[in-house]
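Got your viewer open? Load the model and let's take a walk through it, one selection at a time.

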Amino acid sequence: MDPIIPVPKSKIEIRIKCKDLTSKDLLSQSDPQAIIYLKQRNDWVQQGKTEKLKNEKSPEFKQCITVDYHFEEIQLLKIVLIDIDKDIKVLKDYDDHDLIGEVNVSLGTILASPGGRMKMSLSKNGILSGSITISTEEIRETGTNIYFALEGHHLDKKDLLSSDPYFKIYKSGGTLVYQSEVIKNTLNPTFPAVFLKLEELNGGDMFRELTFEFMDWDKIGEHDLIGRFTTNADSILRGQIQEYEIINPKKVGKSGYSNSGVIKFYIARIQGEPTFLDYLHGGLEINLMVAIDCTASNVPPDVSTSLHYSTPTKPSQYALSIASVGSVLAPYDYDQMIEVVGFGGLFNGHTNHCFPFNLKNDGICEVHGLQEVLDVYHNNILKIPFSYPTNFENVIHQAIKRASKSTQSKQKYTVLLIITDGDITDTQKTIDQLVNGSKSALSVVIIGVGNHHFDTMKILDGDENGLVDSKGIPSKRDICQFVPFNDFKDYPEALAHETLKEIPSQVISFMKLAKIHPNQPRPFNC
């Protein structure tokens, strides 16, 4: 008889804060991170982990951890506090030296406690190492997000001349749900917009009390309270209150005190899950980077059997691939500046796996528009001595540097087009770069020209089995797509379709990972 797979009764959000953690560092406090494991048969299976906080004795973690709740099961949790730099996947990934403290407790015990909260002692080898408060809440999924932005005016001066304000949002029960970034040296901050699932903010209850607490950041010592106010999601969205006064309880009743500043919400709306077009309308720019295989297996380009051989009436497969993909992406690149590199050829007398295709020594070859890409390709391919082997590591590393420039206010996404005639010799190093690149605003599309089997390229595609780097770290998301040119050689439009069809979903997956939401649509000017 097949085993019965239990259906979860609910999804539970777990949040963690600790107090008076034992320091693991000699000259400073620890840099703690919490990890939750669930006992499944004889194994402890990781359910999630919080962010790591720097130099913090009493951390309050922003990142919640979600677990499935089964009433009919004893779900034993192990909550571990560590101070470690490397990525943790299983219990054996850390040792006794990394451990700050741990506690074992069943999920049912926490849920049955008053308010679904428990305060417990952390210990290491039987010795007290701090305390932990575990808060739980059922997630009532609404499929809705709340988007708002706020600014402060005339905040209290907490430093000599100004303040470094940031704010936290607590839902009733004292659970931290959001913390903003610090805005340095201002009494009139404009904070980046907040984009949260409604259930994260208030459990789906529009009238649940929310506390906005404004703090002054200090590099050394405790951060100072500026003040706080309470409201709810309904009031924020309706805009019935134009300004919220920030009140510092310690100053109430003092002569001449009215408030510690005011807050205005200048954007507030309910929003569904963002789409690719939402990002595009908000100003997302897609940058193209082209990498061209210059290895000897292509055969010299002046030989008619070469994969680089072109005539006015019959462009090479490389030129056709550039034109097909580039013509689709070009409208989304506002400045039309496209980086073009070669790999596997001789540059300055040595085999180089990422060199500027204009063969200049200033490091970067950027050309304007698709036609200039084709021009620099045709003008220089005959000048490049071909070499070997075929390696992708350096090219992808260069694309990652280009892709690292995406921010909330300047949303950019890079598509690296690699055109190659065969398999690579640096497979694991390439996988390492793809896993690293999965954290960046990057997609990699590979077009295989010629008649090679391209077995390694199918591994890089990662559709069947996700990529894992040499340290055992899995890819954050799928960013690589491989397409053999010969499957579509008679249909260039179909080649572009097959090559680029996953880009919109890959863009969205990065934006969710980076917590970047769509900007306001750009205005149309007649």
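Here is a tour that starts with the whole chain, goes through its empty spaces and ends at a pair of helices.

**Stop 1: the whole protein**

Before you click anything, keep in mind that this is a predicted model. Show the full chain as a cartoon: its secondary structure comes to 11 helices and 25 strands. Turn the protein around, and you'll see a C-alpha trace that spans about 85 × 65 × 50 Å along its principal axes. There are 526 residues in the protein, and buried ones make up 50% of them. If you like contact maps, take the contacts between residues at least 6 apart in sequence: 70% of these join residues at least 24 apart.

**Stop 2: the largest pocket**

Now select Gln63, Glu200, Lys512, Leu513 and Lys515. Of the 43 residues lining the largest pocket, these are the closest to its centre. The space here is about 1,700 Å³. To see which elements give two or more residues to this lining, colour β1, β3 (43-49), β4 (65-69), β11, β12 (194-197), α2 (198-202) and α11 (503-514). Sort the lining by class and you get 16 nonpolar, 12 polar and 15 charged residues.

**Stop 3: the second largest pocket**

Next, pick Asn55, Glu56, Ser58, Glu222 and His223. They are the closest to the centre of the second largest pocket, out of 33 lining residues. This pocket holds about 1,100 Å³ of space. Strands β1, β8, β10 (165-171) and β13 (210-216) each supply at least two residues of its lining. As for the classes, the lining has 9 nonpolar, 9 polar and 15 charged residues.

**Stop 4: the closed space**

How many cavities of 30 Å³ or more are there? The count comes to 1, and about 80 Å³ of space lies in it. To find the spot, select Arg15, Ile16, Lys17, Glu60, Phe61, Arg117, Thr133, Ser135, Gly174, Thr175 and Leu176, which line this cavity. Which strand gives the most to the lining? That's β1, with 3 residues. Strands β1 (10-19), β8 (127-138) and β11 (175-179) each supply at least two. The lining divides into 3 nonpolar, 4 polar and 4 charged residues.

**Stop 5: one residue of the lining**

Stay at the cavity and zoom in on Lys17, one of the residues that line it. You'll find Lys17 in strand β1. Is Lys17 buried or exposed? Neither label fits, because its relative accessible area is 31%, which makes Lys17 partly exposed. Leaving aside residues up to four places away in sequence, Lys17 touches Pro59, Glu60, Arg117, Ser131, Ile132 and Thr133. For a quick distance check, click the C-alpha atoms of Lys17 and Ala34: the two residues are 17 apart along the chain, and these atoms are separated by 9.2 Å.

**Stop 6: two crossing helices**

Last, hide everything except α5 (residues 317-329) and α10 (residues 492-500). Their axes come within 9 Å and cross at roughly 65 degrees, and the crossing is right-handed. Which residues make the contact? On α5, show Ser321, Ser324, Val325, Val328 and Leu329; on α10, show Pro492, Leu495, Ala496, Thr499 and Leu500. By class, this contact has 7 nonpolar residues, 3 polar ones and no charged ones.

Notes:
Residues are numbered from 1 along each chain as its sequence is written. This is a predicted model: local features need pLDDT of at least 70, side-chain atom pairs count only at pLDDT 80 or more; totals for chains, interfaces and linings use all residues. Side-chain values use heavy atoms; hydrogens and water are left out. Axes are lines fitted to C-alpha atoms, for helices over the stretch in contact, and angles run from 0 to 180 degrees between N-to-C directions. Helices (H or I, at least four residues) and strands (E, at least two) are DSSP runs, numbered from the N terminus. A crossing is left-handed if the near helix is turned anticlockwise from the far one by less than a right angle, and right-handed if clockwise. Contact means heavy atoms within 4.5 Å. Ala, Val, Leu, Ile, Met, Phe, Trp, Tyr, Cys and Pro count as nonpolar, Asp, Glu, Lys and Arg as charged, and the others, Gly among them, as polar. On a 1 Å grid over the protein atoms alone, a cavity is a set of points where a 1.4 Å probe fits but cannot get out, and a pocket is an open set with protein on both sides within 12 Å along at least five of seven lines; lining residues have an atom within 4 Å of a point. Grid points are joined across faces, edges and corners, and a volume is the space filled by probe spheres set on the points. Buried means under 20% relative accessible area, exposed over 50%, partly exposed in between (1.4 Å probe, protein chains only).
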